[in-house]
Amino acid sequence: MGVPVQIGGDVAAYRPVTDDIVMPPHERFEDGELWYATLAHETAHLSGSPGRLDREVARRYHENRACRAEEELIAELAAAMMGAHLGFAGDHIDDHARYIGGWIKALRSDKRLLLKAAAEAQRAVDWMFEAAGVSSDATDTAEAA
C-alpha cells in the first residue's frame, strides 16, 4: 500500500506527523491474525488523513472525545471488515467488541453513528485495497481458483 511501517516498541499507532505506522514486533501478539488486524486498524486511521479520504473526525481526532471515539469506531470496524476479507477465523472478535464497547459509550447521543461509521469503515477498506492495487474481491477470486 505504500504505507511506511516501523516495527518495534510496545505501542501500535498511526503517526500523522510522520505519516507512518508503528507496530510492535509480531511476537508481542497472540497470533499473526491479531497483528494484522491491529495493522489494519492503524492503516484505517492513516486512510482518513488529508490527501487520502480526508475524514473530518480523523483531522479533529485530538480536539474532543466524540471525534476520537468516532474515528476509533471507524478504524476498528475497518479492521474487522478487512479480517473478514482476508479470511481470518474471527477468534479475536471479542477483542474488537471490547474495544468498540469502550468508545460507544462516548457516542450514545447519535443513533445514526454506527451506520455512518460502518460506511466510513467500508470506504477505508476500499481505500486499502485500492492502495494495495488489488480488488476487494481478490480473496474471493483466489479461493474460487
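User: Which residues in H1 meet H3, and which ones in H3 are on the other side?
Analyst: On the H1 side they are Ala37, Ala40, His41, Ala44 and His45, and they meet Glu71, Glu72, Ala75, Glu76, Ala78, Ala79 and Met82 in H3, where contact means heavy atoms within 4.5 Å. This is a predicted model, in which local features need pLDDT of at least 70, side-chain atom pairs count only at pLDDT 80 or more, and totals for chains, interfaces and linings use all residues. Residues are numbered from 1 along each chain as its sequence is written, and side-chain values use heavy atoms, with hydrogens and water left out.

User: How many residues of that H1 with H3 contact are nonpolar, polar or charged?
Analyst: The contact of H1 with H3 has seven nonpolar residues, two polar and three charged, counting Ala, Val, Leu, Ile, Met, Phe, Trp, Tyr, Cys and Pro as nonpolar, Asp, Glu, Lys and Arg as charged, and the others, Gly among them, as polar.

User: And the geometry, at what angle do H1 and H3 cross?
Analyst: The axes of H1 and H3 cross at roughly 135° and come within 8 Å, the angle running from 0 to 180 degrees between N-to-C directions of lines fitted to C-alpha atoms over the stretch in contact. That angle makes H1 oblique to H3, as under 35 degrees counts as roughly parallel, over 145 as roughly antiparallel, 65 to 115 as roughly perpendicular and the rest as oblique.

User: Switching to H5, where is it, and how does H1 cross it?
Analyst: Helix H5 covers residues 113-132 and helix H1 covers residues 32-47, helices being DSSP runs (H or I, at least four residues) numbered from the N terminus. Their axes come within 9 Å and cross at roughly 95°, which means that H1 is roughly perpendicular to H5.

User: What makes that contact?
Analyst: H1 brings Ala40, Thr43, Ala44, Leu46 and Ser47 to the contact, while H5 brings Ala124, Trp127 and Met128. Six of the residues in the contact of H1 with H5 are nonpolar and two are polar, with no charged residue.

User: Last pair, then: how far apart are the axes of H3 and H5?
Analyst: The axes of H3 and H5 are 8 Å apart, and the two helices pack at an angle of about 55°, so H3 and H5 are oblique to each other.

User: Which residues meet there?
Analyst: From H3 they are Glu70, Leu73, Ile74, Leu77, Ala78, Met81, Met82 and His85, and these meet Leu113, Leu114, Lys116, Ala117, Ala118, Glu120, Ala121, Gln122, Ala124, Val125, Met128 and Phe129 in H5. By class, the contact of H3 with H5 divides into 15 nonpolar, two polar and three charged residues.
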